[in-house]
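Here is a friendly walk through one protein model, written for someone who works at the bench. Have the structure open beside you as you read.

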Amino acid sequence: SGHIRLSDPARDADHDDRLNIDVQLQQITDGVAAEIRSLQWGRSDLRGQLNFSRGEPPTLTADIQSDYLDVDYIQKKLAALPGAGAARPTDGNSADGQTGPSTEPSERSPMADGGNSSLSLIRGVLASPFRLFRGDPETGSKRFFDQEPYRIGLMQAFDADVKLLLRQISGKFGAARQLVAEVSLKGGIFNLQVSADEINSAPFELAFEYDSGQTPPRAKLTSMLNGFYPAANKALAPRFAYFDLHAEGVSQAQLMATMNGEAYVRGDQGEANVEVLGLGFFTGDLLSRVANLLIPRAEAVPTLDCAVAYAVITDGVVETPYGMVLQTPKANILIRSTVNMKKETIAAQFDSRNRTGVGISVGSVFSNTVRLGGSLVKPEIVPSATGLAWRSWAAVITGGVSLLGESMYKRMLGSRDPCKQFAEQIQEKVCRPGTTPAASSPLVCGA
């Protein structure tokens with residue numbers, strides 16, 4: 001047993017830079033227990049209980065609470081520690097920048113290795129569906145999705161049961177309130193449940209499971225975000241999202257190639273760009289070119305009135321069966337696309353109409369049409385074709401025209417409120433009880 005008490009009186013006067021630690025250690029059968037009576041670092045605080053048992057397998061349990069956690073402050077202080085900036089090889093990334101499984105023997109304990117592997121897996125899997133919201137494949141990479149295998153065997157090296165209650169947390173992402181996280185790892189099955197009353201003003205729910213004991217390993221992810229303001233900036237368009245995804249594999253690339261499920265994304269009024277609809281795999285330069293082609297004299301700061309998208313993912317192919325719709329102050333934009341995550345390719349068509357005279361007449365010819373295609377790493381604007389081949393291509397890529405109906409598609413393009421019309425179509429075609437998981441989502445189908 002032992003008692004660790006650390007305080008710096010010189011820093012206590014500055015509440016923003018205080019450091020106080022009060023931890024009671026006690027030896028237990030095959031392990032150690034730590035009672036964190038108080039840990040104050042700057043304005044952040046932690047308290048709770050940690051137990052570690054060296055049994056078979058080793059087991060970690062923790063129950064931690066915090067009234068306030070400043071993530072930016074803690075990261076800054078940790079980065080300033082001696083040796084924190086030293087380059088160290090990581091799983092699948094050698095010191096010379098080459099990727100591939102590490103062949104060097106690990107100097108860490110199996111539990112440390114397993115913990116690092118689990119964290120790598122969590123980051124990779126949870127980031128997978130959001131890769132389509134970000135345009136940042138690794139510099140010079142010819143692949144959009146990471147092919148490096150996760151070290152899932154190490155996940156079976158220990159068990160864990162961790163509970164976190166963070167009443168307030170802040171960082172570059174913004175702020176969260178009443179965030180509850182429960183993590184369990186048992187027999188190679190990882191479970192994560194997260195909920196928050198608010199993350200940047202939005203209720204949030206997430207459930208994730210990864211079963212490394214299956215062949216191949218299986219992953220499930222469901223999540224709901226309801227009115228999220230990026231970076232807590234209420235001038236930006238709030239985001240709404242729903243995911244229900246299933247996949248198999250031991251790398252991000254395998255998970256994306258085997259993914260099945262549904263995704264629904266919505267954006268409301270505010271500053272935004274096409275990324276609000278999950279088209280972030282386009283580079284900023286490409287987005288700017290598309291915007292200028294679709295909306296002549298596009299605003300320097302694009303403004304969104306509304307946006308709605310619904311996608312179905314089948315064996316790694318993302319399709320928008322009813323299209324996607326955006327409305328800006330200057331134009332209505334309808335998008336049809338297919339993303340093949342196995343081949344890492346995209347085919348998308350943007351049709352736009354100037355809102356001048358919207359609602360008065362609807363012609364049969366689109367004001368502007370832009371087609372995109374190629375690899376996800378570097379999609380390009382495809383030169384416009386003419387005649388039947390051009391129009392039939394749109395029907396082939398998603399079947400959107402045939403599913404939604406050509407007349408409805410044109411009406412939405414010329415509508416005063418295309419997002420409302422699109423949402424009504426989604427509710428009519430998707431929200432029948434017992435059809436898909438999305439049918440039970442209040443965000444997608446209403447209460």
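Let us begin at a turn. Strand 2 and strand 3 form a hairpin with 2 residues between the strands, and in it Asp-30 takes a positive phi near 60°. Please keep in mind that this is a predicted model.

**Strands around that turn**

The two arms of this hairpin, strand 2 and strand 3, run antiparallel and are joined by 10 bridges. To find the register by eye, look for Gln-26, which stands opposite Ala-33 in strand 3. Strand 2 (residues 19-28) also pairs with strand 1 (residues 2-7), again in the antiparallel sense, over 6 bridges. Here Gly-2 stands opposite Leu-25 in strand 2.

**Strands around strand 7**

Another group of pairings involves strand 7. Strand 5 (residues 59-66) runs parallel to strand 7 (residues 159-171), with 8 bridges between them. Strand 6 (residues 69-70) is also parallel to strand 7, and 2 bridges join them. On the antiparallel side of the story, strand 7 pairs with strand 8 (residues 174-186) over 11 bridges. A hairpin of 2 residues connects strand 7 to strand 8.

The table gives one facing pair of residues for each of these three pairings.

| Strands and sense | Bridges | Facing residues |
|---|---|---|
| Strand 5 and strand 7, parallel | 8 bridges | Ser-66 and Leu-166 |
| Strand 6 and strand 7, parallel | 2 bridges | Leu-69 and Ile-169 |
| Strand 7 and strand 8, antiparallel | 11 bridges | Ala-160 and Leu-185 |

**Rings that meet**

The structure holds 4 aromatic pairs. One of them, Trp-41 with Tyr-73, is edge-to-face, with 6.3 Å from centre to centre and 85° between the planes. This pair links distant parts of the chain, since Trp-41 belongs to strand 3 (residues 31-41) and Tyr-73 to helix 2 (residues 71-79), 32 residues apart. Is Tyr-73 buried or exposed? Its relative accessibility is 14%, so Tyr-73 counts as buried.

Tyr-310 and Tyr-322 make a stacked pair, at 6.3 Å centre to centre and 20° between the planes. Tyr-310 sits in strand 16 (residues 306-314), while Tyr-322 is in the loop between strand 17 (317-319) and strand 18 (324-327), 12 residues apart. Tyr-310 is buried because its relative accessible area is 4%, which falls under the 20% cut-off. Tyr-322 is also counted as buried, at 14% relative accessibility.

A ring can have a charged neighbour too: Arg-266 lies over the face of Phe-240, at 3.8 Å from the ring centre.

**The interior**

Phe-240 appears again in a nonpolar core, so let us look at the cores in turn. The largest nonpolar core has 61 residues, and Leu-179, Phe-208 and Met-341 touch the most other members. Apart from it lies another core, of 20 residues, which includes Met-224, Phe-240, Cys-306 and Cys-431. In soluble globular proteins, nonpolar side chains tend to be buried together.

**The chain as a whole**

Stepping back, the protein chain has 10 helices and 22 strands. Of its 447 residues, 44% are buried. Among contacts between residues at least 6 apart in sequence, 54% join residues at least 24 apart. The protein chain exposes about 22,400 Å², and carbon and sulfur atoms supply 54% of that area.

Technical notes
Residues are numbered from 1 along each chain as its sequence is written. This is a predicted model: local features need pLDDT of at least 70, side-chain atom pairs count only at pLDDT 80 or more; totals for chains, interfaces and linings use all residues. Side-chain values use heavy atoms; hydrogens and water are left out. Helices (H or I, at least four residues) and strands (E, at least two) are DSSP runs, numbered from the N terminus. Buried means under 20% relative accessible area, exposed over 50%, partly exposed in between (1.4 Å probe, protein chains only). Contact means heavy atoms within 4.5 Å. Accessible areas come from the Shrake-Rupley method with a 1.4 Å probe; for residues, only the protein chains shown count as cover. A nonpolar core is a set of buried Ala, Val, Leu, Ile, Met, Phe, Trp, Tyr and Cys residues joined through side-chain atoms within 4.5 Å. Rings of Phe, Tyr and Trp (its six-membered ring) pair if their centres lie within 6.5 Å; planes under 30 degrees apart count as stacked, over 60 as edge-to-face and the rest as tilted. A charge sits over a ring if NZ of Lys or CZ of Arg is within 6 Å of the ring centre and within 35 degrees of the ring normal. Two strands pair if DSSP finds at least two bridges between them.
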